[in-house]
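Q: Could you walk me through this model while I have it open? I'd like to start broad and then pick at the details.

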Amino acid sequence: MRSSIRARLCLGLALLGALPCAWGAPHTVILYGDDDYAPYSYVENGVFKGMYVDILRAAAVKMPAYRLVLQPRPWKRGLDALEKGRVFGLFPPGRKTERPYVQPYSAMLYRESVVLFCHDAVMRTARTHFPGDFAGLTIGVNTGFLLSEKLMAPARQGLLHLEAAKGNEANLKKLALRRIDCYASDRGAARHTARQLHGELERYGFHLREVLELSSEATYIAYSARSTPAYKADFIEQMNAALLALRHTGQLERIEQAYLRE
């Protein structure tokens, strides 16, 4: 109880901008993160980076009683470690009923959105209602990407055609060359790749044009139900408070915009 009170006092001082508390050594807490999910969490030149990595590191500054260590892992390996209790937490999953081994989820990190990008030539015709206004078009998707029913249903009905390619880069180039009419992708991932391909896409006279949002999903830290250190409840409480404080001060939005700008 005494350590919890001290931790809360530390958090209060941190939120006021005070120096970290010096009551004993901080607990080391390890979280795994997806290592191949740009721009959210990914490894580049041996460095773990991304929007979620920056958010969690900013939150950790407000938690002096803990030393947060973020480690990249392939997503499936991370989920397996979480299920078996080999890691305390994993980011950034959405809420899934088929994952009873998660207990609990954190406060929301971000809301990811799958959106439709279309070539300017396609949008010379007014298209505001999906799927009716997009009937007969070819929509690119990423191979292995989990498609929402909003896309699958009209494809099964023959209203539109889905064409898969491996990754954002391939699909954006196909869109620029008009080999597909539109591209359904995570907003952040497509914008991140478009910035990397800026010069090449410019040669085609192409710029990324978002037309409408197809679906969205909130993301979280998932904590393992099988990992139950004594500090678990206190860490989760402090992390949630830190994330809410970042959102309240606008720091969260500034981090998001640094990665998601067009």
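The chat below goes from the overall fold to the pocket, the nonpolar cores and a single glutamate.

Q: What kind of model is this, and how many helices and strands does the chain have?
A: It is a predicted model, and the secondary structure of the protein chain comes to 9 helices and 13 strands. Along the principal axes, the C-alpha atoms fill a box of roughly 65 × 35 × 35 Å.

Q: And what share of the residues is buried?
A: Of the 262 residues in the chain, 50% count as buried, while the accessible surface comes to about 13,400 Å², with 51% of that area belonging to carbon and sulfur atoms. As for contacts between residues at least 6 apart in sequence, 72% of them join residues at least 24 apart.

Q: Switching to pockets, which residues lie nearest the centre of the largest one?
A: Those are Asp34, Tyr37, Glu112, Phe145 and Leu146, out of a lining of 40 residues, and the space in that pocket is about 1,300 Å³. Elements giving two or more residues to the lining include β2 (36-37), β3 (41-44), β8 (110-118) and α6 (187-196).

Q: Which element gives the most to that lining?
A: That is β12, with 4 residues.

Q: What's the lining like by class?
A: It has 15 nonpolar, 14 polar and 11 charged residues.

Q: OK, now the inside: which residues touch the most other members of the largest nonpolar core?
A: Leu31, Met51, Leu56, Phe91, Phe235 and Met239 do, within a core of 35 residues. The elements that supply two or more residues to this core are β1 (27-34), α2 (51-61), β5 (66-73), α8 (232-249) and α9 (251-260), and the largest share, 7 residues, comes from α2.

Q: What does Phe235 touch?
A: Not counting residues up to four places away in sequence, Phe235 touches Val29, Met63, Tyr66, Leu68, Phe88 and Tyr223. Another core lies apart from the largest one and has 17 residues, among them Leu116, Met123, Leu160 and Leu212.

Q: One last thing, Glu256: where is it found, and why does it count as buried or exposed?
A: Glu256 is found in helix α9, and it counts as buried because its relative accessible area is 9%, against a cut-off of under 20%.

Q: Which residues is it in contact with there?
A: Leaving aside neighbours within four places in sequence, Glu256 is in contact with Met51, Leu109, Tyr110 and Arg247. Of these, Met51 also appears among the core residues that touch the most other members.

Terms used
Residues are numbered from 1 along each chain as its sequence is written. This is a predicted model: local features need pLDDT of at least 70, side-chain atom pairs count only at pLDDT 80 or more; totals for chains, interfaces and linings use all residues. Side-chain values use heavy atoms; hydrogens and water are left out. On a 1 Å grid over the protein atoms alone, a cavity is a set of points where a 1.4 Å probe fits but cannot get out, and a pocket is an open set with protein on both sides within 12 Å along at least five of seven lines; lining residues have an atom within 4 Å of a point. Grid points are joined across faces, edges and corners, and a volume is the space filled by probe spheres set on the points. Ala, Val, Leu, Ile, Met, Phe, Trp, Tyr, Cys and Pro count as nonpolar, Asp, Glu, Lys and Arg as charged, and the others, Gly among them, as polar. Buried means under 20% relative accessible area, exposed over 50%, partly exposed in between (1.4 Å probe, protein chains only). Contact means heavy atoms within 4.5 Å. Accessible areas come from the Shrake-Rupley method with a 1.4 Å probe; for residues, only the protein chains shown count as cover. A nonpolar core is a set of buried Ala, Val, Leu, Ile, Met, Phe, Trp, Tyr and Cys residues joined through side-chain atoms within 4.5 Å.
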